Amino acid sequence: MIEAVAYSLVAGVFVGFAAGYVGSLMVLKRMALVGDALSHVALPGLALGILFNFNPFFGAFAFLFSAAVLTWYIERTTRIFPESIIGVLFVTALAVGILLTPEVDLLEALFGDITTVSLLDALLAVGISVPVVLVSRFVYRRVVLSILSEELARSTGVNVALANFVYLFLVTVVVAVGIKIVGTVLVGALVVVPAAAMKNVSRSLSAYALRSGVTGVACAGSGILLAAYLGLPAGPLVVTVGTVIFAGALLVRWLAS
Amino acid sequence: MDLASRPTPDPPPASEASGDVLRVTNLGVRLDHVPILEDVTFHVRKGTTLAIVGPNGAGKTTLIRALLGLLPYSGRVEWSGSVRVGYVPQHFVVNDIPITVREFFEFKAKGGFEEPLAAVGLEGSVLDKRLDVLSGGEMQRVLIAWAILDRPNVLLFDEPTATVDIGSEDLVYETLNRLERETGITVLLITHDIHIVTRYSDTVLALNRTVRFFGPPSRLSEPDLLMEIFGSGSGLAEHRHVSMTKGLR
């Protein structure tokens, strides 16, 4: 049990930073709800992993990646708002996932379980989170410039479509690896809430990105420790800590203005 | 009045020798199979200002995008060999994005920000301000400073003062005026303001899917010509400008 919590903590710290860092772009792109809904797509993949006895991370990642590619492609080639596609596709995935997932594993799949996190899970989280942050740093400015003005970005040689694709890919990787700790329902919040909070109290882009990552660490770390102490699922506690930080940041912004 | 048959300056090749920085020949753009621009031909001489006018939906922004290579097009767009283009877009979203002017500039260059800022009449202290706290006039001048960071010799502006108040418009155009005088930069700008066209430009390109007029801005005082270009003549606005130095020329 203690070992599992330690592994969870290691995984949570790394995934928390990566999720917060990548999430800072998602919030700037006003895709917070997309990030949240996207995580639900992982459930059928997770269920297949459980049913056919392979690492659920890979099933979750395959479904998330397919959904991200589909969203990116439709956004790029049609005039349909992504929200419409996500509204239909992602809740369907959640429904199918719930039907496929064995009942005994459903609670863990939805809300995570830190007591089952293994050394391999922790190593996977570390080994994935570090490159995710490094690649995010590489595309960060390109994505932000395309948010400010897509034409301006393109006129300076930025491949906006590629930058957006890489960024969506990074989101799917982080979500897939975070599911083990906080579950499919709430992993989207780990991506969105730290960044949403820190946008209220950051005066520069670099501070915003870094603080979002650090807040992700604080949310994941505190949530996991509270979960271990209280014997509750980590997912809801991680999100609750994030919400408290968000409320505090809003208060600071209100006082500062 | 058949404006299409009016004699227009014959476009020579875009080369250092001809003095042209840009030559466009039979340009056509289709979006979703709908023709947006057809058979557009004009040229721009080095160190001059071309005002692009036309009613809404005339294809002005599409033309700028085609010139930047951001859209597929038919026909020819020939920039002279040594051209470096700076661009200021019409749409620029800064609402609630925590980014400083310095960080915005760092997207394009590692340093040397004071000189372009001074060129647009802004002090170095603006570097640490967030973009979303700047006034409309400051924002436009920051965008011009961004555009000239890597010392371009052509600037493209898509309605540079669309989002600023009339008082700030003067600041923006006086900035362009000074840049042109001091650096000999070539400017292509989209505007709806007839005052800007007549006071600041050397040549006018009137578009309405195709070229309706290409020639000196003094001709825009002819009501028949305005009617031909804009239909009701409501495509251009005239704003009263309070402080004016001399025009770009």
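# Notebook: sheets, helices and salt bridges in a predicted model

I began with chain B, where three strands make up an open sheet in the order β2-β1-β4, with antiparallel pairing. I noted that β2 (34–45) and β4 (74–79) of chain B are the edge strands, each having a single partner strand, so one side of each is left without a neighbour in the sheet. From one strand to the next, I find a twist that averages 15 degrees. I keep in mind throughout that this is a predicted model.

Within that sheet I looked up the pairing of strand β1 (residues 20–31) of chain B with β2(B), which is antiparallel and extends over eight bridges. As a marker for the register I wrote down B:Leu27, which stands opposite B:Val40 in β2(B).

**Strand β8 of chain B**

I turned next to β8(B) and asked how many of its six residues are buried. The count is five, and I therefore entered the strand as mostly covered, taking under 20% relative accessible area as buried. On one pairing, strand β3 (residues 49–53) of chain B is joined to β8(B) by four bridges, and the two run parallel; here B:Leu50 has B:Thr203 in β8(B) as its bridge partner. In another pairing, β8(B) is joined to β9(B) by five bridges, and these two run antiparallel, with B:Val204 bridged to B:Gly215 in β9(B). The hairpin of β8(B) and β9(B) has one residue between the strands, and in this hairpin I find B:Arg209 with a positive phi near 75 degrees.

B:Arg209 came up again when I checked the side chains, since it meets B:Glu38 in a salt bridge of 3.2 Å, N to O. I recorded this pair as a link between distant parts of the chain, because B:Glu38 is in strand β2 of chain B whereas B:Arg209 is in the loop between β8 (203–208) and β9 (210–215) of chain B, 171 residues apart. Buried or exposed, or in between? B:Glu38 has 30% relative accessibility and counts as partly exposed, and B:Arg209, with a relative accessible area of 40%, is also partly exposed.

**Salt bridges between and within the chains**

I then searched the whole structure and obtained 14 salt bridges over all chains. One of them joins the side chains of A:Lys199 and B:Asp96, at 2.6 Å from N to O. This pair crosses between chains, from A:Lys199 in the loop between α9 (160–198) and α10 (205–230) of chain A to B:Asp96 in the loop between β5 (85–88) and α2 (101–106) of chain B. I compared the settings of the two partners: A:Lys199 counts as buried at 14% relative accessibility, while B:Asp96 counts as partly exposed at 27%.

Which other residue does B:Asp96 form a salt bridge with? I found B:Arg130, the closest N and O atoms being 3.9 Å apart. B:Asp96 lies in the loop between β5 and α2 of chain B and B:Arg130 in the loop between α3 (114–119) and α4 (136–147) of chain B, so this pair ties together parts that are 34 residues apart in sequence. I entered B:Arg130 as buried, with a relative accessible area of 15%. Following the shared partners, I arrived at one network of salt bridges that joins A:Lys199, A:Arg253, B:Asp96, B:Arg130 and B:Asp132.

**Helices of chain A**

In chain A I looked up how helix α1 (residues 2–28) packs against helix α7 (residues 119–148), and found that their axes come within 8 Å and cross at roughly 15 degrees. That makes α1(A) roughly parallel to α7(A), as angles under 35 degrees count as such. I noted the crossing of α1(A) and α7(A) as left-handed. Sorted by class, the contact of α1(A) with α7(A) has 22 nonpolar, three polar and one charged residues.

My final look was at helix α3 (residues 42–51) of chain A, where seven of the ten residues are buried, so the helix is largely enclosed by the rest of the structure. Which residues are the buried ones? I listed A:Ala42, A:Leu43, A:Pro44, A:Gly45, A:Leu46, A:Ala47 and A:Gly49. I also noted A:Asn53, which follows α3(A) and has a positive phi near 60 degrees.

Notes: Residues are numbered from 1 along each chain as its sequence is written. Chains are lettered from A and ligands numbered from 1 in the order in which they are written. This is a predicted model: local features need pLDDT of at least 70, side-chain atom pairs count only at pLDDT 80 or more; totals for chains, interfaces and linings use all residues. Side-chain values use heavy atoms; hydrogens and water are left out. Two strands pair if DSSP finds at least two bridges between them. Axes are lines fitted to C-alpha atoms, for helices over the stretch in contact, and angles run from 0 to 180 degrees between N-to-C directions. Angles under 35 degrees count as roughly parallel, over 145 as roughly antiparallel, 65 to 115 as roughly perpendicular and the rest as oblique. A crossing is left-handed if the near helix is turned anticlockwise from the far one by less than a right angle, and right-handed if clockwise. Ala, Val, Leu, Ile, Met, Phe, Trp, Tyr, Cys and Pro count as nonpolar, Asp, Glu, Lys and Arg as charged, and the others, Gly among them, as polar. Buried means under 20% relative accessible area, exposed over 50%, partly exposed in between (1.4 Å probe, protein chains only). A salt bridge is a side-chain nitrogen of Lys or Arg within 4 Å of a carboxyl oxygen of Asp or Glu.
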